[in-house]
Amino acid sequence: MQASLVDIAFEEPPFSLLDERLRQRLAEGVDLHYFEALAQPLVPGAVGEAVYIIHKGEVAELAADSALPDAATLDKAQREGLDAWVSLRIGHYTAGDLFGALTLLNGHCRTRFVCEQETLCYQLPAELFFSLCDECPAFGEYFQHSLSDKARLLAAQRDTRQGASRDQAGFMLARVMDCMRPPLKLAASASIEQGVKAMQTAGADSLIISVEGRQGVVTRTDLLNALVIQGLAANHPLASLGSFALVAVTAEEYLFQALVQMTRHRVARVVVKERLTPDAAVVGVIELTDVLGFFSNRSQLVSLEIERASDMAALEQASARLPEMVRALAMQGVHMRHAMALLSALNGRLIERTFAMLVEEEHRASSCLMLMGSEGRGEQILKTDQDNGLIIADGHQWPDNEDTLQRFSDALAGLGYPPCPGNIMVSNPEWVATESRWRGKIARWCAGRDGEALMNLAIVFDARASGGNEALVDSLRGHLVRHATRDDLLLSHFARPALHFSTPLTLFGSLRSPRHGIDIKKGGIFPIVHGVRTMALERGVMATGTFARLEALVSDGRIEASDSADLAEALSLFAELRLRQQLRHLEEDEHGAVAGGAGDSRRDGQDKTTAAREAGSRNLIITQSLSSLERDLLRDALSRVKDFKQRLSHRYHLEY
């Protein structure tokens with residue numbers, strides 16, 4: 001066929017991996033082949049002869065034992081959409097998609113391909129396909145790529161498709177190096193007067209000093225306080241004014257990660273180091289004003305709004321802007337791990353500010369608010385149910401805490417965090433206790449080993465501090481680790497829930513495609529999160545996030561780096577697919593609210609079962625709505641989950 005007549009998307013994977021010469025060979029070597037409706041280009045057990053690239057039409061991939069539709073059923077499916085026939089699909093291919101490559105590589109076809117309508121395909125002969133694989137290894141490897149490799153290809157494909165819109169939103173992909181300023185360095189023996197003049201000349205708000213090998217920061221505010229409040233002389237040396245507990249990033253990190261650090265540590269600047277080690281040189285400084293200036297008029301100013309809020313009304317206004325920010329992150333293709341970190345920091349700060357506004361300082365100093373669940377792990381994107389508890393220091397008296405904590409829970413509901421259906425909240429006295437009582441609870445749960453006890457252990461192990469005395473949470477989690485680390489029977493019971501939900505793959509490794517969709521939380525997210533949580537508990541890993549736990553387990557030698565990378569990519573993919581579904585529901589809710597008006601009481605009489613069903617639907621992924629590459633990624637990711645569950649079963653003897 002003449003190359004000029006071939007309409008193949010050479011700018012997209014896998015064809016984008018070929019150079020111009022090989023693309024020309026491919027274009028000249030394909031033939032256009034016509035299939036009637038209900039024709040079967042490939043059937044189970046068949047030895048492939050070609051790879052098919054769809055020019056026009058639609059092809060369904062079915063499990064090997066699926067019954068074929070007749071013409072009437074197929075016609076009804078095309079007219080009415082997702083009915084019993086369409087739900088049998090484990091794959092759906094349209095113009096631009098290809099199929100048949102795995103058949104050639106595996107030696108035979110494991111599923112059935114049926115044309116849903118008259119279909120035209122470019123037919124790439126097997127001999128030419130293997131020749132292209134030989135001359136361009138990346139092309140051949142594409143079909144057997146690791147999950148992380150395919151994820152990078154998907155990201156690149158989205159970059160190309162989004163084009164100018166990505167350029168306009170490129171600020172979210174900016175690096176620290178794009179915004180940092182050179183550090184102003186002075187000798188620690190320099191005087192306050194010299195420091196003021198140096199800052200004035202450089203237009204800086206801080207300077208770096210070094211005392212006995214330790215690097216510290218002296219800010220303009222430090223100098224002002226030294227002169228006005230402490231009454232120090234202008235010739236007083238800078239050495240005693242430095243802050244040496246530096247919050248640091250590297251120049252290669254995303255700029256919004258610097259904003260995450262500022263938000264999490266409540267500081268107005270971070271230093272930029274060559275590498276994140278104590279002895280690494282400071283090569284730059286990022287001020288909050290620099291970051292906010294770079295993000296000016298963007299939804300990322302939520303961070304500034306939270307810090308400036310003086311009452312709950314202002315916090316509610318800042319909180320209401322978070323969905324806008326989530327949409328921006330999703331649209332811009334920011335890696336889900338980074339998006340989780342940013343949103344977790346902002347959600348945590350919102351909750352912490354609320355706690356500070358409603359709880360008196362004397363009680364905050366002798367207690368600690370625990371954030372648990374996905375918020376504790378730092379893996380929350382959109383706001384979910386409240387999951388929190390409170391530790392009160394032994395000996396501290398707080399007689400009226402129930403009224404205060406009820407107001408706190410009500411305030412969080414006003415910020416958009418609905419009450420927890422399981423009542424795991426500080427408004428429930430069962431989740432408020434002294435240090436000693438909490439340690440007693442841990443001991444009883446470890447001894448009990450029933451479902452509720454194990455769930456509570458998992459909840460506490462994921463807890464992180466958000467306001468108050470953070471050492472109380474660290475101590476409690478350490479107590480839990482000491483109880484569980486060497487208890488093999490407890491760990492076996494603890495690990496078992498990771499196997500509770502089946503992986504939505506067929507016997508042949510294809511995606512199951514039930515009509516209502518795949519529950520990605522049960523089938524994908526939970527097994528990874530809980531399996532990694534179990535391994536972290538066994539090894540005494542104190543990180544709370546799944547990604548950080550995976551990294552620690554690699555360092556500990558408990559998991560291979562390649563397996564860790566694949567599980568991390570799988571979790572990111574599942575979170576992204578789930579977020580897209582949740583955003584669709586959010587838009588539907590918003591449109592419904594607008595259409596119904598302020599007096600719409602449609603949900604007022606909704607019972608808990610209906611609400612739970614709606615919440616569950618936000619986790620359902622309709623595989624037929626995904627692109628070919630996304631389906632391939634999802635299938636690969638779920639295969640990693642299946643393998644991981646098998647390793648968990650063997651490690652913790654769950655087969656018995």
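Modeller: Ground rules before you start: two strands pair if DSSP finds at least two bridges between them. Helices (H or I, at least four residues) and strands (E, at least two) are DSSP runs, numbered from the N terminus. This is a predicted model, where local features need pLDDT of at least 70, side-chain atom pairs count only at pLDDT 80 or more, and totals for chains, interfaces and linings use all residues. Residues are numbered from 1 along each chain as its sequence is written, and side-chain values use heavy atoms, with hydrogens and water left out.

Biologist: Fine, let's start broad. What share of the 656 residues counts as buried?

Modeller: The chain holds 27 helices and 18 strands. Buried means under 20% relative accessible area, exposed over 50%, and partly exposed in between, using a 1.4 Å probe and protein chains only. Of the 656 residues, the share that counts as buried is 50%.

Biologist: And among contacts between residues at least 6 apart in sequence, what percentage joins residues at least 24 apart?

Modeller: Contact here means heavy atoms within 4.5 Å. Taking the contacts between residues at least 6 apart in sequence, the part that joins residues at least 24 apart is 74%.

Biologist: Which helix gives the most residues to the largest nonpolar core?

Modeller: A nonpolar core is a set of buried Ala, Val, Leu, Ile, Met, Phe, Trp, Tyr and Cys residues joined through side-chain atoms within 4.5 Å. The largest one has 110 residues, and L390, W438, L457 and F574 have the most contacts inside it. With 11 residues, the top contributor is the helix spanning 561-596, α25.

Biologist: Stay with L457. Which residues is L457 in contact with, leaving aside neighbours within four places in sequence?

Modeller: L457 is one of the residues with the most contacts inside the largest core. Once its neighbours within four places are set aside, L457 touches I442, W445, C446, L480, L490 and F494.

Biologist: How many residues are in the other core, the one with I8 and L98?

Modeller: That core lies apart from the largest one, and F139 and L629 are also among its members. Its residue count is 26.

Biologist: Now the strands. How many residues of β13 are buried?

Modeller: Strand β13 covers residues 367-371. S367, L369 and L371 point one way and C368 and M370 the other, and all are buried. So β13 is largely enclosed by the rest of the structure, with its buried residues numbering five of five.

Biologist: Which residue stands opposite C368 in β16?

Modeller: β13 has antiparallel links with two strands: five bridges join it to β14 (388-392), and three join it to β16 (464-468). On the β14 side, M370 has G389 as its bridge partner. On the β16 side, C368 faces G468.

Biologist: Which strands stand at the edges of the three-stranded sheet?

Modeller: That open sheet runs in the order β4-β3-β6 with antiparallel pairing. Four bridges join β3 (59-62) to β6, and A60 has V114 of β6 as its bridge partner. Two strands have a single partner each, so one side of each is left without a neighbour in the sheet: β4 (91-93) and β6 (112-115).

Biologist: In the four-stranded sheet, what is the bridge partner of Y52?

Modeller: The order in that open sheet is β1-β7-β2-β5, with antiparallel pairing. Two bridges join β2 (50-56) to β5. In β5, the partner of Y52 is F99.

Biologist: At what angle do the axes of α15 and α18 cross?

Modeller: Axes are lines fitted to C-alpha atoms, for helices over the stretch in contact, and angles run from 0 to 180 degrees between N-to-C directions. The contact involves I351, T354, F355 and L358 of α15 and T404, R407, F408, A411 and L412 of α18. The axes of α15 (336-358) and α18 (401-414) come within 10 Å, crossing at roughly 145 degrees.

Biologist: Last one: is N423 buried, exposed or partly exposed?

Modeller: N423 sits in the loop between α18 and β15 (432-434). Its phi is near 60 degrees, a positive value in a residue other than glycine. With a relative accessible area of 34%, N423 is partly exposed.
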